[in-house]
Each structure stands twice: as structure tokens, then as C-alpha cells.
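Trainee: I would like a close look at one part of this structure. Please take me through the aromatic side chains and their surroundings.

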Amino acid sequence: MAKKESKPIAAAPIQIPKTEKKSYFPKLLIIFSFLMIAVALIDYFKYYKIPEWGVDALLLIAGVWMLTLGMEHGYYKKRKEILKRYI
């Protein structure tokens, strides 16, 4: 009589819980860019008279924001700290 070989029982696969990564999507930047586009279109087509100082203030804020974004993405951390020290 031949013995039947027993097959090993396969274990259930181990499920590792997925950790959600922190989202770095700049929501405030997107809202601000839509605001800048709207102001530019309104001012260009002259739907509403926007005071010149208001447009200049928005452009100044946008320029400073773009400068800081460029610094964050363009420089290493050590270089950024050296640049901050001289500014």
C-alpha cells in the first residue's frame, strides 16, 4: 500500500496596512493662482475697475510667493540657510 503524501497547507498572505503619505498639494497656491487669473482677466477686459494699488499688491504677493517656491525647490537645505543668512 502506498502512502498518500500530505500537501502543506498554504498560509494566508500577510497584509501590511498601507500608510497614507502626507499630501503636499499646495491648495492655497492653486486658489491664489485662480484668483490672480480672475483679477487679470477682469482688469484686461475692464469688467470692473480694479484700483491700480490693488493689482500692484497682488502682483507683489505673487512675486514674493514665486521667489520662495523657487528657493525651496531650487536650493539644497544648506545653501538655503546660507542664503537666508545674507538676506
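Which class does Trp65 fall into by relative accessibility: buried, partly exposed or exposed?

Mentor: This is a predicted model. Trp65 counts as partly exposed, because its relative accessibility is 22% and the buried class ends under 20%. Its ring partner is Phe32. The two rings sit 5.2 Å apart, centre to centre, with 40° between the planes. That makes the pair tilted. Phe32 lies in helix H1 and Trp65 in helix H2, so the pair ties together parts 33 residues apart in sequence.

Now follow Phe32 inward. Phe32 is buried, at 11% relative accessible area. It belongs to the largest nonpolar core, along with Met36, Val39, Ile50, Val55, Leu58 and Ala62. H1 and H2 (52-74) each supply at least two residues of this core. Met36 shows the packing: beyond its neighbours within four places in sequence, it is in contact with Leu58, Leu59 and Ala62.

The structure holds three aromatic pairs. Another of them joins Tyr44 and Phe45. Their ring centres are 5.0 Å apart and their planes stand at 80°, so this pair is edge-to-face. Tyr44 lies in H1, which spans residues 27-45. Tyr44 is exposed, at 63% relative accessible area. Phe45 is partly exposed, at 47%. With Tyr47, these two form one aromatic cluster.

Tyr44, Phe45 and Tyr47 also help make a nonpolar surface patch of about 990 Å². Its other members are Ile30, Phe34, Ile37, Leu41 and Tyr48.

How values were computed
Residues numbered from 1 in each chain as written. Predicted model: local features only at pLDDT ≥ 70, side-chain atom pairs only at ≥ 80, totals over all residues. Heavy atoms only, no water. Patch = residues over 30% accessible without salt bridge, like charges linked within 9 Å, V, L, I, M, F, W, Y side chains within 5 Å. Areas by Shrake-Rupley, 256 points an atom, 1.4 Å probe, with all protein chains shown as cover. Salt bridge = Lys/Arg side-chain N within 4 Å of Asp/Glu carboxyl O. Helix = DSSP H or I, 4+ residues; strand = E, 2+ residues; numbered from the N terminus. Core = buried A, V, L, I, M, F, W, Y, C linked by side-chain atoms within 4.5 Å. Buried < 20%, exposed > 50% of the residue type's maximum accessible area, 1.4 Å probe, protein only. Contact = heavy atoms within 4.5 Å. Phe/Tyr/Trp six-rings, centres within 6.5 Å; stacked < 30°, edge-to-face > 60°.
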